[in-house]
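Me: I'm new to this one, so could you walk me through it? Let's start once it's on screen.

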Amino acid sequence: MPRTDLFESPDYYLLDELLTDEHKLIRQTVRDWVKQNVSPVIEDYAQRAEFPKQLLQGLAEIGAFGPTIPEEYGGAGLDYMAYGLIMQEIERGDSGIRSAASVQGSLVMYPIYAYGSEEQRRKYLPRLASGELMGCFGLTEPDHGSNPGGMATTLRPDGNGYLLNGAKMWISNAPFADIAVVWARDEQGKVRGVIVERGMAGFTTPETHNKWSLRASATGELVFDNVSILKENILPDISGLKGPLGCLNQARYGIAWGALGAAMDCYDTALRYAKERHQFGKPIGAFQLQQKKLAEMITEITKAQLLVWRLGQLKNENRATAAQISMAKRNSVDTALHIAREARQMLGGMGITGEYPVMRHMMNLESVITYEGTHDIHLLITGMDVTGLDAFK
Ligand code: TGC
Ligand code: FAD
């Protein structure tokens with residue numbers, strides 16, 4: 001029986017007053033879409049470990065694919081505050097659905113827009129924005145996760161084009177993606193971006209099974225066995241690790257907002273449960289220990305909301321630094337995971353069931369705290385920024 005979605009968004013510091021009417025309208029549109037399309041089915045898909053592909057069309061229609069990409073390329077042409085709010089609302093439904101949108105917009109459309117030729121932009125972006133084509137992003141390898149600079153995937157000259165060899169691991173959307181933006185080392189040792197299309201000889205995308213987290217997201221490998229790449233499939237305007245890392249800034253920004261959506265859903269669920277569930281003759285919300293949990297949750301959500309709102313302003317002004325984005329990604333996900341764990345306890349035994357969204361969020365967030373740079377890597381990025389000393393070298 002699908003759960004009735006009663007979500008009410010917390011706004012303890014009246015932050016809505018800082019949003020424009022357009023921002024609120026966009027948020028409401030996405031919230032309504034999530035209530036109607038994601039909430040009724042997501043638990044079932046997560047239990048079955050299946051990605052709900054029928055949501056892709058709706059995600060495209062609400063502008064979730066490339067919200068900040070200009071309209072002339074099929075994007076929604078929105079600002080970063082709107083992008084953040086869209087990610088918040090989608091992840092309120094499920095991190096895996098937000099992942100699909102993040103990858104498409106920030107990790108596939110963004111590099112084609114920022115580093116691609118005009119032909120590549122015109123060829124791919126409108127079809128990616130409409131969901132006609134889906135993409136994935138291949139940076140992580142079996143032996144190079146936190147340290148993508150060590151990558152072993154190679155791009156070597158071959159006749160008029162190149163040969164791509166190697167493997168990528170843990171790639172969201174890989175099992176169904178039509179194209180992959182892949183990062184590989186050329187003969188000079190420089191990191192280059194390549195657009196690989198499904199159907200190219202030697203390119204396969206085996207699915208990764210048995211995940212306890214992001215079960216409603218499709219994850220896979222990208223395997224390249226002498227894949228012939230034409231020059232027109234190389235991103236011309238970027239070389240070096242700053243290429244893929246620049247895309248991560250976009251996606252990490254979206255996650256900083258998105259994880260708060262999951263946190264809000266857990267808080268809202270726990271608050272409602274605490275008022276309805278009676279033990280020892282009164283609502284459990286009347287006990288001080290439960291109030292402490294709720295009070296701390298709303299405090300942390302409010303602090304994090306302010307952080308991402310300010311980051312959104314800086315992003316809109318093109319002043320947000322990569323280190324500021326790292327801080328927000330790390331803080332939001334850590335906050336959300338802590339809140340999910342506390343909320344799960346507040347729901348007692350019911351907290352482990354699919355009757356409520358809390359344990360699904362909690363398990364999802366175990367991936368979100370690892371991908372797009374782990375919790376510890378983002379801490380070290382902040383450490384490097386404030387000390388000027390690089391712990392990675
Ligand atoms: P380092 O020597 O510091 O930098 C190499 C070059 O890159 C530049 N750079 C950046 N540029 C743009 N944005 C950033 N965030 C950047 N960080 C560094 C840097 O200025 C330098 O440029 P140049 O011109 O001097 O060459 O690099 P390093 O090898 O020491 O590594 C630094 C480190 C550890 C911070 C970085 O590698 C890192 O962030 N590691 C984490 C890896 C990661 O986040 N992987 C994510 C894979 S994608 C994913 O998880 C998708 S999940 C699906 C979903 O979103 O739903
Ligand atoms: P490792 O790098 O091996 O890290 C293991 C542990 O060591 C971590 O705790 C880490 O913090 C710690 N560690 C590493 N280096 C240091 C250090 N210098 N100092 C202190 N501690 C350190 N990647 C993509 O390219 N595209 C995708 O679409 C994508 N989707 C993903 C989806 C899911 C569900 C998951 C789980 C991952 C996905 N990833 C994707 C990969 C993700 O980005 C990596 O898992 C992540 O970057 C960490 O790499 P790793 O798993 O190899 O861990």
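Me: Which residue forms a salt bridge with D16?

Reply: Quick background: this is a predicted model, where local features need pLDDT of at least 70, side-chain atom pairs count only at pLDDT 80 or more, and totals for chains, interfaces and linings use all residues. Residues are numbered from 1 along each chain as its sequence is written, and side-chain values use heavy atoms, with hydrogens and water left out. A salt bridge here is a side-chain nitrogen of Lys or Arg within 4 Å of a carboxyl oxygen of Asp or Glu. With its closest N and O atoms 2.8 Å apart, the partner of D16 is R27.

Me: Where do D16 and R27 sit along the chain, and how many residues apart are they?

Reply: D16 is in the segment before α1 (21-48), while R27 is in helix α1 itself. Helices are DSSP runs of H or I with at least four residues, strands are runs of E with at least two, and both are numbered from the N terminus. The pair links distant parts of the chain, and the separation is 11 residues.

Me: Is R27 buried or exposed?

Reply: Buried means under 20% relative accessible area, exposed means over 50%, and partly exposed is in between (1.4 Å probe, protein chains only). D16 has 24% relative accessibility, so D16 counts as partly exposed. R27 has a relative accessible area of 9%, so R27 is buried.

Me: Which residue does D44 meet in a salt bridge?

Reply: Both partners lie in helix α1, four residues apart, which is about one turn of the helix. D44 is partly exposed at 43%, and its partner is partly exposed at 42%. The N to O distance is 3.2 Å, and the partner is R48.

Me: What about K168: which residue does its side chain meet in a salt bridge?

Reply: K168 is in strand β3, and the pair links distant parts of the chain, 27 residues apart. The partner is in the loop between β1 (135-138) and β2 (154-158). Both residues are buried. At 2.9 Å, N to O, K168 meets E141.

Me: Which residues are linked in a network of salt bridges?

Reply: The structure holds 22 salt bridges. Some of the residues involved are joined up in a network. Its members are E72, E118, R121 and R122.

Me: How many salt bridges does the structure hold, then?

Reply: We've met several by name, including D16 with R27 and D44 with R48. K168 with E141 is another one. The count for the structure is 22.

Definitions and conventions:
Chains lettered and ligands numbered in written order.
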